[in-house]
Amino acid sequence: MEKTVANHKVTVVDHPLVQHKLTLMRDTETALPEFRRLLREISLLLAYEVTRHLELKTVSVETPVARAELPLLAQQEPCFITILRAGNGLLDGMLDLIPAASVGHVGLYRDPKSLEAVEYYYKVPRDMGERLAIVVDPMLATGHTAVAALEMLKRDSAKDISFVCLVAAPEGIDALHQAHPDVPVFTAAVDDHLNEKGYIVPGLGDAGDRIFGTK
Ligand code: URA
């Protein structure tokens, strides 16, 4: 479903299974193994949505019964770009769907005082200009890290980029679209607001801690 948030269009993946799984993930009582399982499942469903527009070409295939003209992806498989560390949580499910995708890593952390993005690692596939780059981070909060990651990818000639998260704050959507109006945003939910600590409300808490069991 396309939704307008802060004057920007975002795709909210409103499939009932996505919504159901996200609610279970938000619950503070949901324990680590269950949280991870849900994340893997929901990530696969989000990857399905974000790749919906991929172009197809026709190839000739000999089935056991007959020769047929059949569809195949026209371009190279997309690559996933994970914003460390929480973005890694979305990779397993997405790679279940597209096992041939390559994966880039962008290390950015939020300075706890300024909430600005600080770069500490960057390694992406060489042919960024030739495929869809799907940037993944579970929480689009202030948008600072997403904006910085997209700038880095564009410097590396990435042209076709989509951003995927689980939960977005209106503030993050606004910041991302102001800086990168060409990058579509896919999310399972748009929440209410950011609190004074930069957490999304109601959100699901610190995604990295919940994925990796560090709290
Ligand atoms: N990062 C998180 O992990 N959670 C939030 O709510 C905001 C940023």
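Helices (H or I, at least four residues) and strands (E, at least two) are taken here as DSSP runs, numbered from the N terminus. The model is a predicted one, in which local features need pLDDT of at least 70 and side-chain atom pairs count only at pLDDT 80 or more, while totals for chains, interfaces and linings use all residues. Residues are numbered from 1 along each chain as its sequence is written, and side-chain values use heavy atoms, with hydrogens and water left out.

Begin by selecting Arg-85, which lies in the loop between β5 and α3 (91-97); the peptide bond that leads into Arg-85 from Leu-84 is cis, with omega near -5 degrees.

Step back next to β5 (residues 79-84) and add β6 (residues 102-110), since the two strands pair in the parallel sense over 6 bridges, where pairing requires that DSSP finds at least two bridges between two strands. Within this pair, Cys-79 stands opposite Ser-102 of β6. Now add β7 (residues 117-123), which runs antiparallel to β6 and is joined to it by 6 bridges; here the residue to pick is His-105, which stands opposite Lys-123 in β7.

Move on to the ligand and display the residues around it, which are Arg-110, Met-139, Ala-141, Gly-198, Tyr-199, Ile-200, Gly-205, Asp-206 and Ala-207, each having a heavy atom within 4 Å of the molecule. This shell divides into 5 nonpolar, 2 polar and 2 charged residues, with Ala, Val, Leu, Ile, Met, Phe, Trp, Tyr, Cys and Pro counted as nonpolar, Asp, Glu, Lys and Arg as charged, and the others, Gly among them, as polar.

Which backbone atoms should be picked out around the ligand? A polar backbone atom of Ile-200 is 2.8 Å from an oxygen atom of the ligand, a backbone N or O atom of Gly-205 lies 2.8 Å from a ligand nitrogen atom, and a backbone N or O atom of Ala-207 lies 2.7 Å from an oxygen atom of the ligand. The protein covers 89% of the 230 Å² of accessible area that the ligand has on its own, by the Shrake-Rupley method with a 1.4 Å probe.

Stay in this part of the sequence and select Pro-202, found in the loop between β13 (200-201) and α6 (207-212); the peptide bond from Val-201 to Pro-202 is cis, with omega near 5 degrees.

Finish at Ser-157, in the loop between α4 (144-155) and β10 (161-168), where phi is near 65 degrees, a positive value in a residue other than glycine.

Methods
A polar contact is a pair of N or O atoms within 3.5 Å; within protein, one must be able to donate a hydrogen and the other to accept it, and residues adjacent in sequence count only if both atoms are side-chain atoms.
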